[in-house]
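Work through the exercises below with the sequence and the 3D view at hand. Try each task before reading its solution.

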Amino acid sequence: MTKSVLYLELDNCIGCRSCLAACTQCGGHDEKYRNYVVDVNPLVDTQTMPLMCLHCVNPACARSCPAQAIQIHETGAVLSARVEKCIGCQNCTIACPYGIPKFDVEQNLMYKCDLCIERTQHDIPPMCASVCPTNTLQWLTKEQLAMKKEQNVLDNGKWIASSDHYLENETNVHISLPGILQKKQKLF
Amino acid sequence: MTQNIKQAGEQLIPTHCSYCGMQCGMNLRVDVKQNKIIGVEPRYDWPVTLGKMCPKGVTAYQQTNHEDRLLTPLIRDDASLKGTKKGFRKATWEEAYDLIVKNFQTLQQQYGKDTLSVFSGVSMTNEKCYLTGKFARVALQTKYIDYNGRFCMSSAAGGMLGSFGVDRGSTFPWTDINETDCVFLAGSNAAECHPTMMFRIWEMLERGGYLIVVDPRKTPVARRADVHLDLKPGTDLAIANCMLHLLIRNGHIDEAFIEKHTNGFADAAAYVQAFTPEHTSNVTGVAVEKLERAAEIYGKAPNALVMFARGIEQQHKGVDNVQGYINMALVTGKIGRKKSGVATLTGQGNGQGGREHGQKSDLLPGYRKITNPQHVKEVCEVWGITPEEMPDAGVSAYEMFELMEKKEIRSMYLLCSNPAVSAPNLNMVRNAMKNLDFMVCCDFYLSESAEFADVVLPAVTWSEDEGTVTNLEGRIIKINRAQRPLGDSKPDWKIQVEIAERLGKGKYFSHLKTAEDVFNEFRLATKGGTADYYGATWEKIESQKGVFWPCKSEHDKGTPYLFLDKTFYHPDGKAVIHSPVYRPPAEEPCEQYPIILTTGRVVFHYLSGNQTRRIPFLQEMCSEPFAEMHPMMAKQYGVWEGNKVKLTTRRGEGVFKVKVTEAIRKDTVFVPYHFGDEQSVNLLTIATLDPKSRMPEFKACAAKMEGWT
């Protein structure tokens, strides 16, 4: 693992898609974006949220791959399919519960977020978190993450954000659920 | 500090974005061997934005080597093709200059000096903005120069001048936003128009601060507001007056501050007595409880910022709206100290610097007035002309088109602007451009406005020249050159020097051989003015990461905060609490035109879209305008998401795709203005001008709607 982790505060998202634009700028990304932004309540409000690879510790995409084309970097990042191994079966595109791996028909190759491995292996923030204008995507040290969790666990007995329990899987990316401002103690 | 990744054979050139007033820091990635910009890398150490960029910023570099770049001058011999892309042929600079000089001289001999006009913009450096003012007055000797800030910042400027006696868009640095306790944001969709300040607003909320947003739409920033005042477009002044009423009623005013540092309180207090929450609710459609809650929060906040943007400014009472909201800070004394103050969110990259130094019809460098003989004398000394040679004040941007219609102006030199998309009442404006005797357009793409030109001159993009820009904080920053000019393109300042020489005015211009030469003359021209840049050398700007004006001498570090000594810029040192009289929008809904039409931006495009509509990623995200409306309105007209509607006003019509959302008032339709030709919503907008700022009322007019198949 690197010193820092990707951390998401979904409620901050304004739908600007800067993370997508930035994704195309990462050296190994072939100018294709590998994260997505969805409208949470279409026709109702402006709430959006980024759909990011969570870099699962035991990723369904890699488990579903019959050719061992999806490798896990020593930092924990789940990499894009290796060109020489991917057979184009598209198992991973369906196996992933978040729909992150996509398929490039022309190249007969799966592509997905590799957490800007060129950058993050040196602890340089990934492009998406570097540019995110709202801090929806943040690159935090373990200490900063611990502080965030403390801040965001709310003491009202009912609501817990940033729970220590993983929702789906154990992931290397951490999420604060929407509602981090609920019951926030106001300054005055 | 976060490090950047650097690829072999590449150089990172630190600079700023080409687009809005945030002027986000960025590094351009340059292939050294080819001398070619190939990408972008965050600039983590820029204190205002910390590497953050919106999608326009991330892709801004793609403008430079874009296939649509103009690489040579273009001449069109057949005037009947004006208003189209057709008929242009490539020409040399000499041929283009000869044609321009011949036409300018002939027209001026026949119709007088003022038959020429210069229409400029502020998405360019201070050096270019400054020289454009000198070019118009000294080289062309015309009084008709004005600029696109009349469609953008002029109401904020007028309001701040009236209240404070000085127009610097922000009284505090942006790094205060996350540290204050309350942000009162009026008429700003900051999340889409100034996205990189959002992390500061959210941080303020996470600290337990309050956000109040005044907007007819529940925009992404309004979504999280503690109070959203969802007013009817064009009724802001009633809200501002009501806030003042409630601050007084609640006892949240600072009487000592009012007494010592302001004038006009008694009159204002008497006037706003009528603006009870109940009356204001009737005028604006905002619930009484929300008005009361907003005033209570702002009144109780230990520190608070009042911020506003085009929503309140692009109205025929824009100046009054600005002064109305500024009153909140003046009566509570929440100004002239850290973490409190007033700011406008400047729309254009150099909206601040570009309006201070002589592109405005009545202004000269350093915020001097052309109607003040002493000011004229000071500038004449720098320029080497006599006061008798200085032209008088001209007219505002939109009014120049009216004079073109009347043939009082027969020629236009257009640069850094695209009024064929961005001006109001476009049928008239396009017609006026079409009927000009001779028009020159400088741009790096063939814009919709260039289609009306006889000669098009290829300018460089921001990344191929250097100079300074003044961002929305009032911080002077440095734009660096990352690539040599593409093709035969040239910087605007150089084009103006070369035309001036051919008009026989070389002695006033020929010494300006580099952008820094222009800057050094410009610094001198601002010396002693209100907007004094004299001490802001390029070296100081680099080493301090920007210099806030005023900066009067080599030893002066600049002025991040205004009014810390509680001295305002009016002669008696006091601020003015105005009593702006409420009046409705110029055009209100009626039986024939029952809908309120309002306009604005989306996050993916900038101004007229001449730049951003050419960037593939931005086009993929938003390729056409839309008519945003509430589901109730959609049902009433029998349309739904993806259908088309025709919107019609007394001035024009347009067909737009329907976008349904509950995040807008039921009586209002919103259409973004970034699109050209028949997709321009400005075909429909109204040109009623603010009496002081000459700002058109883009934000409210009356329309009718019908389904379109």
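The exercises concern a predicted model, and each task is followed by its solution.

**Exercise 1. Chain A**

Task: State how many helices and strands chain A has, and give the order of its elements.

Solution. Step 1: chain A has six helices and seven strands. Step 2: read from the N terminus, these elements follow the order β-α-β-β-α-α-β-β-α-α-β-α-β. Step 3: for burial, 44% of the 188 residues of chain A are buried. Step 4: of the contacts in chain A with a separation of 6 or more, 60% are between residues 24 or more positions apart.

**Exercise 2. A sheet of three strands in chain B**

Task: Which strands stand at the edges of the open sheet with the order 1-2-3 in chain B?

Solution. Step 1: this open sheet has three strands, and its pairing is antiparallel. Step 2: the edges are strand 1 (10–16) and strand 3 (36–42) of chain B; each has a single partner strand, so one side of each lacks a neighbour in the sheet. Step 3: from one strand to the next, the twist averages 35 degrees. Step 4: look at one pair, strand 1 and strand 2 (residues 25–31) of chain B, which run antiparallel and are joined by seven bridges. Step 5: locate B:Gln11, which has B:Val30 of strand 2 opposite it.

**Exercise 3. A sheet of seven strands in chain B**

Task: Describe the open sheet of seven strands in chain B, from its order to one bridge.

Solution. Step 1: the order is 5-4-18-17-16-6-7, with mixed pairing. Step 2: strand 5 (88–90) and strand 7 (145–147) of chain B have a single partner strand each and stand at the edges, so each has one side without a neighbour in the sheet. Step 3: ignoring direction, neighbouring strands are turned by 20 degrees against each other on average. Step 4: strand 6 (residues 116–120) and strand 7 of chain B run parallel, joined by three bridges. Step 5: B:Ser120 has B:Tyr147 in strand 7 as its bridge partner.

**Exercise 4. The largest nonpolar core**

Task: Which helix of chain B gives the most residues to the largest nonpolar core?

Solution. Step 1: the core has 283 residues, and B:Phe184, B:Ile201, B:Ile212, B:Met243 and B:Tyr298 have the most contacts inside it. Step 2: helix 7 (residues 236–249) of chain B gives the most, with nine residues. Step 3: take B:Met243 and leave aside its neighbours within four places in sequence; its contacts are then B:Ala294, B:Ala295, B:Tyr298 and B:Met328.

**Exercise 5. Where the chains touch**

Task: How many residues of chain B are in contact with chain A, and which helix gives the most to that side?

Solution. Step 1: the contact involves 42 residues of chain B and 32 residues of chain A. Step 2: at least two residues each come from strand 3, helix 1 (55–59), helix 6 (198–206) and helix 23 (616–621) of chain B. Step 3: helix 6 of chain B gives the most, with five residues. Step 4: by class, this side of chain B has 22 nonpolar, 11 polar and nine charged residues.

**Exercise 6. Domains 2 and 3 of chain B**

Task: Give the bounds of the domains of chain B and describe the contact between domain 2 and domain 3.

Solution. Step 1: the domain assignment gives domain 1 (112–152 + 350–543), domain 2 (170–345) and domain 3 (595–708). Step 2: the centres of domain 2 and domain 3, taken over C-alpha atoms, are separated by 26 Å. Step 3: domain 2 brings 19 residues to the contact and domain 3 brings 23 residues. Step 4: the side of domain 2 that touches domain 3 has five nonpolar, seven polar and seven charged residues.

Methods
Residues are numbered from 1 along each chain as its sequence is written. Chains are lettered from A and ligands numbered from 1 in the order in which they are written. This is a predicted model: local features need pLDDT of at least 70, side-chain atom pairs count only at pLDDT 80 or more; totals for chains, interfaces and linings use all residues. A nonpolar core is a set of buried Ala, Val, Leu, Ile, Met, Phe, Trp, Tyr and Cys residues joined through C-beta atoms within 7 Å. A residue is buried if 20 or more other C-beta atoms lie within 10 Å of its own, exposed if 12 or fewer, and partly exposed in between; C-beta atoms are placed from the backbone. Helices (H or I, at least four residues) and strands (E, at least two) are DSSP runs, numbered from the N terminus. Two residues are in contact if their C-beta atoms, placed from the backbone, lie within 7 Å. Two strands pair if DSSP finds at least two bridges between them. Axes are lines fitted to C-alpha atoms, for helices over the stretch in contact, and angles run from 0 to 180 degrees between N-to-C directions. Ala, Val, Leu, Ile, Met, Phe, Trp, Tyr, Cys and Pro count as nonpolar, Asp, Glu, Lys and Arg as charged, and the others, Gly among them, as polar. Domain bounds come from an automatic or database domain assignment.
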